[in-house]
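Reader: Got a minute to walk me through this one? I'd like the overall picture before the details.

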Amino acid sequence: MLPLTDDKQWTGSVLAANELLLTTCQQMEKQPLPQEDDPTTVPLFDANGSAAGNGELTSPSSEPPARDGWNSKVEYFLAQVGFSVGLGNVWRFPYLCHQNGGGAFLLLYVLLMLVVGTPLFFLELAAGQSIRQGSIGVWKYISPKLCGIGYSSCVVCFFVAVYYNMIIGWSIFYLGSSFQYPLPWEQCPGQGNTTVALHLAGNAEADGPSCVLRVRSVRRALLQPTSGTAKALDITDSIEETGQFNIYLTCCLLAAWTIVCLGMFKGIKTSAKVMYFSSVFPYVVLFCFLVRGLLLDGAKEGIAHMFYPKLEIWGHVQVWRQAATQVFFALGLGFGSVIAYSSYNPKNNNCHRDAFTVSFINFLTSVLATLVVFAVLGFRAKNTVMACIVSNVEKFSQQNVTAWENQTWVPSFNFSDPGSVGMEEYRSWFLAHKAAIPVNLTDCDLEKEMQKGAEGTGLAFIAFTEAMSLLPGSPFWSALFFLMLLNLGLSTMFGTMEGILAPLTDNFKTLARNKTKVTVCSCVIGFVIGLLFTQRCGNYFVTMFDDYTATLPLIIVVVFETFSVSWLYGADRFLDDIEVMLGWRPSVIYKYLWKYVCLLAMVGLLAASLIRMFIARPTYMAWNQEMASEETLEYPDWALAVLSLLIIFAMMPVPLGFIHSTLRSRAGGDPIGFQPVSTDDKCETPMTDMSDTMQTPL
């Protein structure tokens, strides 16, 4: 038996230890972000929630490898820009700008970017850089009950990666098909081919050599020539008709996942090197296209059509919703990729300047892509309109014109030379006398022609490809364009995969030790699931995933992020942490933007998206082979059930994480439940600390 004095000392030690443990658990609910000089924290519990040892520190040999780091600021900057600037800048932004008032939409977009997008982007950059963890670790560090936010980000990233890589596969398919002359989509298909729509310039007919291939959907655009080497996708009439797998698209999907796997093989060590090409090359191509596009006949009309302001659209709620959604996706908010990339930075990196720089480059890229797209589309539209005029004038000149010599509606232009008739000249005559003209002529309207084929993926894969087929040396420009799309897609894909891998390897030691295997397994799983999109009906599933499985969950994730930082953790405390990290305090305006403006804007966007879904049943564009045209169909009940399950599955980690942490806390267990990788500055390839000039306010 021990002496009484020893019993008292032992009892006092136990009580002190229990009090210390209780205090630690309470502080974890609302603790300050880690500072630069904090020592490495040794977790009290292992990955199974049991004690890490008998009060002893974990052996260094059992620790996972230290986190990677950027070799230079250039690598980080290219990676962040490459992720935020993606395929949406090329097709979605020009379409939205065109449909929603041109210059008026640009002003609205800039406004929302400044008051909503950039502050939220800064929030994610600062959180990742300060805590030096992926999305799971960041929100877990702020409060154990918020870890579900990070898991939801990972799930949504995976959903996006699965279908996004199919779009990259389409780019690979088009790229490979560009190395032939003439381009496969330049020629009219043979008789009886009902998988494409043929548009005779100015007519509904489709006969003779003057027909122009007008493919109405990206999936039907995949090579429809008459040669036996054609590899048509042969899309089904609806999502309910599955059809067999397309072997060519399956191979392209495999190639896309192989490229992603090789690029992510060693984490940011390999992906950062790829970024030197994949992030810069698209800008070289865009500038080449801009110079070439501005020299085309019709470019002026296309750009004027693009930027013509329609300020009345500011009164439409739908326009505000679309502008906010575009800002949201343009910056990659909620994916966790921004947090992951920023977590590899040193603490004194000026993330405030980075937020504005990346946002500004993103906007300029969208404007540059818009100029390129509409310069080329203006050229395409003017070619089609002029062909329409020539066809109509030829039809008019073939009539018995001498019998109409005394009629007032007889044109003053030289109709015996159809090629000399201008657009304005023909339209003014046609609109003034169309009721009296005895010949069945059509209106050749440049405005209507500009509105065709300019939505979503169709803008890049249909209208733009058709326009490039009219350029001299069309295979060169086509290959250049789809190589650009491939690089844009890969840069975004690397960031998306980093948003999955970084949080998991940061918070699970086993995965951190086997990061290469985790990367390979993730790519294999993504390819297997992606086979769904290589069926004949696969395009409809891509559309469904793009429209619904990412939008709502990501908006909800960002709402939770904003609320957690600004209200639960405290906007003032977060600004204090940033001040310690950067050496200066950001403006107090961020406090009110995060707490009120950004939060209310995201809640409003969420409400508008939900109302839009419930007011009208979700629909999709399907291809009717008998009519050789598109039609709008409602999603069947089973498709809506799948949509609902995917959205619920993506959001379930949020409440489950909260419940799990609460129950473990009440049971006296570890509220963390895993052992995170060290958050200190020990990196394998640490980036050189920023100079003092980098620490000054923007």
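Author: Sure, we can start with the overall fold and then go through the core, a cavity, the disulfide and a few single residues.

Author: Keep in mind that this is a predicted model, where local features need pLDDT of at least 70, side-chain atom pairs count only at pLDDT 80 or more, and totals for chains, interfaces and linings use all residues. Residues are numbered from 1 along each chain as its sequence is written, and side-chain values use heavy atoms, with hydrogens and water left out.

Reader: Fine. How many helices and strands are there in the protein?

Author: The protein has 24 helices and 4 strands. Those are DSSP runs numbered from the N terminus, with helices being H or I of at least four residues and strands being E of at least two.

Reader: And what share of the residues is buried?

Author: Of the 698 residues, 55% are buried. Buried means under 20% relative accessible area, exposed means over 50%, and partly exposed is in between, using a 1.4 Å probe on protein chains only.

Reader: What about contacts between residues 24 or more positions apart?

Author: They account for 82% of the contacts with a separation of 6 or more. A contact here is heavy atoms within 4.5 Å.

Reader: OK, the core. How many residues does the largest nonpolar core have?

Author: It has 184 residues, and W139, Y341, Y426, M497, F574, W594 and M602 have the most contacts inside it. Helix 6 (residues 147–177) gives the largest share, 19 residues. A nonpolar core is a set of buried Ala, Val, Leu, Ile, Met, Phe, Trp, Tyr and Cys residues joined through side-chain atoms within 4.5 Å.

Reader: Pick Y341. What is Y341 in contact with?

Author: Leaving aside neighbours within four places in sequence, Y341 is in contact with W70, Y76, A79, Q80, F83, I268, M275, F494, G495 and E498.

Reader: And W139, where does that sit?

Author: W139 is one of the buried residues in helix 5, along with S135, I136, G137, V138, K140 and I142. Helix 5 (residues 135–142) has 7 of its 8 residues buried, so it is largely enclosed by the rest of the structure.

Reader: Anything odd in the loop leading into helix 5?

Author: R132 is there, in the loop between helix 4 (103–131) and helix 5. Phi of R132 is near 60 degrees, a positive value in a residue other than glycine. Most residues other than glycine have a negative phi. R132 also counts as buried, at 2% relative accessibility.

Reader: Switching topic: how many cavities of 30 Å³ or more are there?

Author: The count comes to 3. On a 1 Å grid over the protein atoms alone, a cavity is a set of points where a 1.4 Å probe fits but cannot get out, and lining residues have an atom within 4 Å of a point. Grid points are joined across faces, edges and corners, and a volume is the space filled by probe spheres set on the points.

Reader: Which residues line the second largest cavity?

Author: Its lining is V81, G82, V85, S278, S279, P282, Y283, L488 and S491. Helix 2 (73–84), helix 9 (281–294) and helix 17 (474–507) each give two or more residues to that lining. The volume of the second largest cavity is about 40 Å³.

Reader: How does that lining divide into nonpolar, polar and charged?

Author: It has 5 nonpolar, 4 polar and no charged residues. Ala, Val, Leu, Ile, Met, Phe, Trp, Tyr, Cys and Pro count as nonpolar, Asp, Glu, Lys and Arg as charged, and the others, Gly among them, as polar.

Reader: Which cysteines does the disulfide join?

Author: C388 is joined to C444, with S to S at 1.9 Å. C388 is in helix 13 (residues 351–397) and C444 is in the loop between helix 14 (423–433) and helix 15 (446–450), 56 residues apart. The search of the whole structure finds 1 disulfide, defined as a pair of cysteine sulfur atoms within 2.5 Å.

Reader: Left-handed or right-handed?

Author: Left-handed, because the torsion about the S-S bond of C388 and C444 is about -75 degrees.

Reader: Are those two cysteines buried or exposed?

Author: C388 is buried at 4% relative accessibility, and C444 is buried at 3%.

Reader: Last one: where is A571 found?

Author: A571 is in helix 21, which spans residues 551–582. A571 is buried, with a relative accessible area of 3%. Beyond four places in sequence, A571 is in contact with V565, S566, K591 and K595.

Notes:
1 Å grid on protein atoms, 1.4 Å probe; cavity = no way out; pocket = protein on both sides within 12 Å on 5 of 7 lines; lining within 4 Å.
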